[in-house]
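Here is a short tour of a protein model, written for someone who likes cut-offs stated plainly. Please have a look at the structure first, and then read on.

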Amino acid sequence: MVAPPDNDVLWARALHFQHDDGSPALGGVSLHVQEGEIVAVSGPRGSGKTTLLRCLSGLVRPLRGEVWFNSLPVHTMGPLARERLRRDRFAWVDPAPLLVPELNAWENAALPLMLRGTSRRRAKVAAMEWLERLDVGDRARKRPHEMVQAERQRVSIARALAPTPTVLFADEPTAPLHRADRGHVLRTLTTAARSHGITVILATHDAETAAVADRTVSLLDGRRVTTVHLPPVTESEGRAACSLSV
């Protein structure tokens, strides 16, 4: 094994992965990401975007290939080591908000910090800063069932940003948002990444979302390709996503 270049915070070589049913998800994907860079992984649904992010973040181990975070070989780590890496250095945003139902918004946003040993008071201050920046500070004491889907997603993004991770993996982070909200959330996410030196790997099938990145890596059928033409998300799709709100 050869460690990646010093200026690459993430480096992957020839990643292969199969689903449980044996169908291929990744077929030899390689890429590198420099510190502080925002990289969009684009492609239609089913192209392997989420699987690639899961391999890079240590959520799953590739069938073959290498994943390096700085000088650490993620692909050879055991489950506990990969869990510590995700807790201490990584953050993740899902397409649908996954919040702890018993906790209110600020407690959900502060949870990663408290799990790292940060005091409740300091964790709350950091959580409130991001909730305010994402325009949900007034929902800080509401529990997930008291918020609509778009508000819950903003809390999820605040939770990811509050501990200032080294790498933030965002899997279709604006999927539950109306078109009018997406631009603001993406600007907050990218501004935070640049001001705090956070590396962002952003999976999206939306051309407008991919446009905020420094560069784009295109996938099709689990392989890197030169160009994938992404259709813009229509307003009706945005309304359909938000119609899931409760």
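Beyond its neighbours within four places in sequence, Arg 86 is in contact with Ser 57, Gly 58 and Leu 59, where contact means heavy atoms within 4.5 Å. Arg 86 and Gly 58 are 28 residues apart in sequence, and their C-alpha atoms are 7.3 Å apart in space. The home of Arg 86 is helix H2; helices here are DSSP runs of H or I with at least four residues and strands are runs of E with at least two, numbered from the N terminus. Arg 86 counts as partly exposed because its relative accessibility is 25%; buried means under 20% relative accessible area, exposed over 50%, and partly exposed in between, using a 1.4 Å probe and protein chains only.

A word on the source: this is a predicted model, in which local features need pLDDT of at least 70 and side-chain atom pairs count only at pLDDT 80 or more, while totals for chains, interfaces and linings use all residues. Residues are numbered from 1 along each chain as its sequence is written, and side-chain values use heavy atoms, with hydrogens and water left out.

Arg 86 also belongs to the story of the largest pocket: together with Ala 91, Trp 92, Pro 112 and Arg 159, Arg 86 lies nearest the centre among the 23 lining residues. A pocket is an open set of points on a 1 Å grid over the protein atoms alone, where a 1.4 Å probe fits, with protein on both sides within 12 Å along at least five of seven lines; lining residues have an atom within 4 Å of a point. The largest pocket holds about 530 Å³ of space, a volume being the space filled by probe spheres set on the points, which are joined across faces, edges and corners. Helix H2 (79-88), strand S6 (90-93), helix H3 (105-115) and helix H5 (149-161) each supply at least two residues of the lining. By type, the lining has 14 nonpolar, three polar and six charged residues.

Next comes the packing. The largest nonpolar core has 38 residues, and Leu 131, Val 155, Ile 157, Leu 161, Leu 168 and Val 200 touch the most other members. Such a core is a set of buried Ala, Val, Leu, Ile, Met, Phe, Trp, Tyr and Cys residues joined through side-chain atoms within 4.5 Å. H5 gives the most to this core, with six residues. Not counting residues up to four places away in sequence, Leu 161 touches Trp 130, Leu 168, Leu 189, Ala 192 and Ile 198. Apart from this core lies another, of 29 residues, among them Phe 17, Val 39, Phe 69 and Phe 169.

What is the strand order of the open four-stranded sheet? The order is S2-S1-S4-S5, with antiparallel pairing; two strands pair if DSSP finds at least two bridges between them. Strand S2 (24-34) and strand S5 (72-73) stand at the edges with a single partner strand each, so one side of each has no neighbour in the sheet.

Two residues deserve a backbone check. Most residues other than glycine have a negative phi, and here are two with a positive value.

| Residue | Phi | Place | Relative accessible area |
|---|---|---|---|
| Thr 164 | near 50° | loop between H5 and S7 | 37%, partly exposed |
| Glu 172 | near 50° | loop between S7 and H6 | 13%, buried |

How values were computed. Nonpolar A, V, L, I, M, F, W, Y, C, P; charged D, E, K, R; others polar.
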